[in-house]
Each structure stands twice: as structure tokens, then as C-alpha cells.
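Here's a quick look at a few local features worth checking on screen. Have the viewer open as you read.

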Amino acid sequence: MADVSRLEDAFNWSVSQIARAFEMDRRTVTKRLMDAGVIPSGEKRGHPVYRLKDAGFALWGVSKSASDGAVNDPDDFEPNDRKAWYQSENERVKLEKEMRLLVPIEEVHREMSSLAKALDNYLETLPDLLERDAGLPPEAIQQVESITDQLRDQMFQAIIADEPEDE
């Protein structure tokens with residue numbers, strides 16, 4: 001009959017298991033665990049085992065406090081780790097561009113310009129539409145024109161304020 005382990009033991013791995021799973025040298029795994037001060041969570045067959053979560057932080061140079069998404073400064077990584085980190089970041093950016101999660105700034109400017117032009121065109125014709133279709137009196141039309149002029153000026157000021165100085 002097979003020996004069935006407890007579920008919590010599934011995430012407690014020996015140095016050999018960690019090294020094999022992540023295709024790393026056992027000495028590298030041991031050194032990184034020691035450098036990070038990872039304490040064994042127990043023993044299995046006379047060998048220390050480590051919580052996989054703790055080992056992961058140690059193996060890739062991410063501090064436990066950085067688990068909220070922030071990483072340590074890549075300049076502090078070992079050369080191979082730094083290279084791997086930058087390669088992974090480049091791949092992440094490529095993927096995000098492909099998935100349209102990142103959009104080139106020129107495209108954003110073009111789309112925002114189109115939106116601003118369409119809105120400006122609508123605001124320009126709004127008083128005429130209200131006069132013709134809604135039958136508003138001239139005083140109301142002047143009020144609408146005044147408000148739309150203020151709105152256009154606010155939009156212009158917001159666009160000017162957000163422009164980068166180096167463009």
C-alpha cells in the first residue's frame with residue numbers, strides 16, 4: 001500500500017527536490033537558502049525540508065516583504081539572476097503589448113486627440129442643435145455657449161498641463 005502524505009507536507013521540499021524542480025544545482029539552492037536565512041520547516045528522512053513559499057523568495061532574490069508585487073533592486077542581483085530578471089521583464093512587456101494591456105504612447109496620443117476633436121466638434125454644434133431641435137430661447141443658447149466655451153478651455157488647460165516637457 002502506498003504511503004500517503006499529509007497535504008501540508010506537499011509544500012515542504014528538500015534541497016534535492018527544490019533543485020530538481022527548478023533545474024538548479026543543489027549547492028546553489030543551499031547557498032541561497034542560507035544567504036536568505038530560510039529556516040527548515042522540519043525534517044523528512046533525516047534531511048531538512050523547507051516551505052516552498054520561503055524557498056521561492058530565497059531562490060529568486062525577492063524579499064518576503066516584496067510579495068505584494070515589488071521586487072528588490074535588480075542591480076543587487078547576481079549577474080545571471082539580473083540577466084534572467086531583465087529578460088523576463090522584456091518578455092512580460094512584449095506579452096502585455098500583445099494583449100493590448102500596454103499601448104504605445106503615440107497611439108494613446110492619437111486616440112486622445114481623436115476623442116478631443118470629436119467632443120470639441122459636438123460642443124461646437126450643441127447650441128445650434130438646442131436652438132433648432134429643442135427651441136431654446138436666445139438667452140439659454142448664450143448660456144450653453146458660455147458653458148461649452150468654459151468646458152473647452154478647461155479641457156485645453158488639462159491637455160497642456162499633462163504634456164511632457166521633453167516632447
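What follows covers a helix pair, some backbone angles and a surface patch.

This is a predicted model, where local features need pLDDT of at least 70, side-chain atom pairs count only at pLDDT 80 or more, and totals for chains, interfaces and linings use all residues. Residues are numbered from 1 along each chain as its sequence is written, and side-chain values use heavy atoms, with hydrogens and water left out.

Let's start with H2 (residues 26-35) and H3 (residues 52-59), whose axes sit 8 Å apart at an angle of about 95°. That makes the two helices roughly perpendicular (65 to 115 degrees counts as such). On the H2 side, Val29, Arg32 and Leu33 meet Ala55, Ala58 and Leu59 of H3 (contact means heavy atoms within 4.5 Å). H3 has Asp54, Ala55, Phe57, Ala58 and Leu59 buried (under 20% relative accessible area; exposed is over 50%, by a 1.4 Å probe with protein chains only). Their cover includes H1 (15-21), H2 and strand S3 (47-51). Just past H3, Gly61 has a positive phi of about 70°.

Most residues other than glycine have a negative phi. Here are two with a positive one:

| Residue | Phi | Loop | Relative accessible area |
|---|---|---|---|
| Glu23 | about 50° | between H1 and H2 | 75% |
| Arg45 | near 55° | between S2 (42-44) and S3 | 80% |

Glu23 is exposed, and so is Arg45.

Finally, Leu115 in helix H5 (residues 105-133) is exposed at 52%. Leu115 joins Val103, Ile105, Val108 and Met112 in a nonpolar surface patch of about 430 Å² (residues with over 30% relative accessible area and no salt bridge, nonpolar side chains being joined within 5 Å and like charges within 9 Å).

How values were computed:
Accessible areas come from the Shrake-Rupley method with a 1.4 Å probe; for residues, only the protein chains shown count as cover. A salt bridge is a side-chain nitrogen of Lys or Arg within 4 Å of a carboxyl oxygen of Asp or Glu. Helices (H or I, at least four residues) and strands (E, at least two) are DSSP runs, numbered from the N terminus. Axes are lines fitted to C-alpha atoms, for helices over the stretch in contact, and angles run from 0 to 180 degrees between N-to-C directions. Angles under 35 degrees count as roughly parallel, over 145 as roughly antiparallel, 65 to 115 as roughly perpendicular and the rest as oblique.
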